[in-house]
Amino acid sequence: MFRRARIVGFLIPFVCACASSPAHYEFAEDPERNFDDLETELWIERTTLEPNDTTRLILTLSNTGPDFMQFQFPPRRQLGLAIYEADGGLYFTDVDTIKLPRLVPIGALQTWTREIEWDGAVEIAGVRRPLPAGRYEVQIGLRREGDVFVNRSNRVGIEIVGS
């Protein structure tokens, strides 16, 4: 009996560095662009961060289908971390915080989990900066094409407490 394998490749976009503003990364709202049979879930260990605190972002990818999947990620900018303001508006997207192995195999009906230590900061124009005090929602997306992220996780609320 033969098993089908699905190799999922991610594209590495050509990015020009500009001194003016960081690149804009789009979190696609079109479910047609999502990978079939893949669920992405995010959990945050501590949802209130004081200055100099850290928390763990726990990302779970679940293969809900009958076929083996193997994701092949580029060396950089592998996942997108989207930060939304309390009113739901997109505050910023960060592609430098979360790194994954180059290959992530997930068998049929299996899950893969990655824990990432996070200090509540994002990288803006090459400099890591803490988020201003306030309430936010955090979401993770996988890069499908160019600078578009799909298979978005659920949004998880977090509060950044000022000094």
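**Figure 1. A low-confidence stretch near the start of the chain.** Over residues 9–22, pLDDT (the predictor's confidence in each residue, from 0 to 100) remains under 50, and the model has 24 contacts beyond four places in sequence for this stretch, a contact being heavy atoms within 4.5 Å. Residues 1–5 also stay under 50, with four contacts beyond four places in sequence. Where pLDDT is low, please do not read the predicted coordinates in detail. This is a predicted model, in which local features need pLDDT of at least 70 and side-chain atom pairs count only at pLDDT 80 or more, while totals for chains, interfaces and linings use all residues. Residues are numbered from 1 along each chain as its sequence is written, and side-chain values use heavy atoms, leaving out hydrogens and water.

**Figure 2. The whole protein, for orientation.** You will find 15 strands and zero helices here; both are DSSP runs numbered from the N terminus, with at least two residues (E) for a strand and at least four (H or I) for a helix. The average pLDDT is 81, and 77% of the residues score at least 70. Among the elements, strand 15 (residues 156–160) has the highest mean pLDDT, 97, and strand 1 (residues 5–9) the lowest, 49. Of the 163 residues, 42% are buried, where buried means under 20% relative accessible area, exposed over 50% and partly exposed in between (1.4 Å probe, protein chains only). Among contacts with a separation of 6 or more, 70% join residues 24 or more positions apart.

**Figure 3. A three-strand open sheet.** The strand order is 3-5-10, with antiparallel pairing; two strands pair if DSSP finds at least two bridges between them. Strand 3 (38–44) and strand 10 (111–118) are the edges, each with a single partner strand, so one side of each has no neighbour in the sheet. From one strand to the next, the twist averages 15 degrees, with axes fitted as lines to C-alpha atoms and angles running from 0 to 180 degrees between N-to-C directions. Seven bridges join strand 3 to strand 5 (residues 55–63), and eight join strand 5 to strand 10. To find your way along the first pairing, look for Thr 40 opposite Leu 61 and for Glu 39 with its bridge partner Ser 62. On the strand 10 side, Leu 57 has Ile 116 as its bridge partner.

**Figure 4. Ile 58, a buried residue in the middle strand of the sheet.** Ile 58 belongs to strand 5, where eight of the nine residues are buried. Its own relative accessible area is 11%. Beyond neighbours within four places in sequence, Ile 58 contacts Glu 41, Leu 42, Trp 43, Thr 113, Arg 114 and Glu 115. Trp 43 lies 15 residues away in sequence, yet the two C-alpha atoms are 5.1 Å apart.

**Figure 5. The largest nonpolar core.** A nonpolar core is a set of buried Ala, Val, Leu, Ile, Met, Phe, Trp, Tyr and Cys residues joined through side-chain atoms within 4.5 Å. This one has 34 residues, and those touching the most other members are Leu 57, Phe 71, Leu 79, Leu 81, Ile 83, Trp 118 and Val 138. Strand 13 (residues 134–145) gives the largest share, four residues. A separate core of five residues includes Phe 27, Ala 82, Tyr 84 and Val 95.
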